[in-house]
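Here is my note on the internal cavities. Please read it with the structure open.

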Amino acid sequence: MPPAPARPESPPSPLPATRPSTLTSSLAREVSWQRSLALAIRDPEVLLAELGLERDLGPGVLARLEAVRSFPLLVPRSYLARMTPGDPRDPLLLQVLPRAEELDDPAGFVDDAVGDAAARVVPGLLHKYAGRALLIATGACAIHCRYCFRRHYPYGDEPKRLEDWQPALDYLASDRSVHEVLLSGGDPLLLNDDRLAWLVDRLAEIPHLRRLRIHTRLPVVLPDRVTPGLIDLLRATRLTPFVVIHANHARELVADASDAVRELVRAGISVLNQAVLLRRVNDSVDALAALCERLIDMGVLPYYLHQLDRVRGTSQFEVPVEEGRRLVAAVRARLPGYAVPEYVCEQPGEPHKTPLA
Ligand SMILES: *Cc1c(COP(=O)(O)O)cnc(C)c1O
Ligand code: SF4
């Protein structure tokens, strides 16, 4: 069976009949991000037309449509606005545009490259590393990154209703060695504030949990999602919050995305970034140095630079490890030490991410 495409477990709520001015401002902001999601581009033809690009970019429109069937195109308007019209090599466009090569099936590229299935202890919970466990909070994302390492993850089997989380909560309560919960997915910030608050409150009730880490691409791709309600929720919880954003290129961190990230930083929340080393997107010293410097200028610490996980359909993004090492060494020669992320790969069965540099 083809994997269930990642999409919200329930469609974004329709716009209320009332005008936004009659809503409280935080409710208006909540409606605003859901509307932004509903307005995201889902058709490759529309994406290309918006950028003034030819319909047939390189070989294989039909193949591209085939690739889209198993992992649909999804691009929020805010992200589109940061692309350069007329540039088929735009580093943001290349992250989201389906390509014929996705249908290639080179040896070594598999559905579950990182051993997620083996680490799944109960529905929706992966426990791989000491002290930390990862909740698949939702299978939905606001953008579909063509290199995604969970593009084949069986989200259909994971919790949908709040009560489905009980086994995961019970597991966390029973394992006193776990001190940190990572909310991941999919994108955990596609849960609305009520569902998120419910989940965070349940976690905060478990006495040995101390930290909450949210792995999210939304501040970068759907900046509206950084609402006052979200910031209040993160500040109010007993758990120490960390937000790990995911930007791969400095040009992603401008305009509304830059404002959203700065709001988190200004609220006193520790914000880290993880990036993936991607062929044509950021595989140059200039691109990586610009990304890292942009991050520290915003008060965000570059945390990890991931070697691409060898997931089926993503081979066109792979950069050889030797080249990655050379790039990271060159970045280190240019920037402060704290601006240089740890270059890592994920090997199934290892007790931590494996440093490569
Ligand atoms: C990457 C990962 C973590 C977190 O690892 P850190 O090195 O602490 O960032 C935790 N759980 C799972 C399943 C992971 O894949
Ligand atoms: S990389 Fe992250 S944001 Fe992109 S599709 Fe995968 S899970 Fe979603």
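The points below take the cavities in turn.

1. Keep in mind that this is a predicted model. A search of the whole structure gives four cavities of 30 Å³ or more. I comment on the largest and the second largest.

2. The largest cavity has a volume of about 940 Å³. Its lining counts 49 residues. Closest to the centre are Phe149, Arg150, Ser184, His215 and Gln274. Start your inspection there.

3. Which elements supply at least two residues each to this lining? The strands are β2 (125–129), β3 (132–138), β4 (180–185), β5 (211–215), β6 (240–245), β7 (270–276) and β8 (301–306). The helix α9 (218–221) belongs to the list too. β2 gives the most, with four residues.

4. The lining of the largest cavity is mixed in class. It has 26 nonpolar residues, twelve polar and eleven charged.

5. The second largest cavity holds about 80 Å³ of space. Its lining has 13 residues. Leu288, Leu291, Cys292, Leu305 and Pro341 lie nearest the centre.

6. Two or more residues of that second lining come from each of β7, α12 (285–297), β8 and α13 (321–332). The largest share is that of α12, with four residues. Note that β7 and β8 serve the largest cavity and also the second largest.

7. How do the residues of the second lining divide by class? Twelve are nonpolar, one is polar and none is charged. Set this beside the largest cavity, where eleven lining residues are charged.

Methods: Residues numbered from 1 in each chain as written. Chains lettered and ligands numbered in written order. Predicted model: local features only at pLDDT ≥ 70, side-chain atom pairs only at ≥ 80, totals over all residues. Heavy atoms only, no water. 1 Å grid on protein atoms, 1.4 Å probe; cavity = no way out; pocket = protein on both sides within 12 Å on 5 of 7 lines; lining within 4 Å. Points joined across faces, edges and corners; volume = space filled by probe spheres on them. Nonpolar A, V, L, I, M, F, W, Y, C, P; charged D, E, K, R; others polar.
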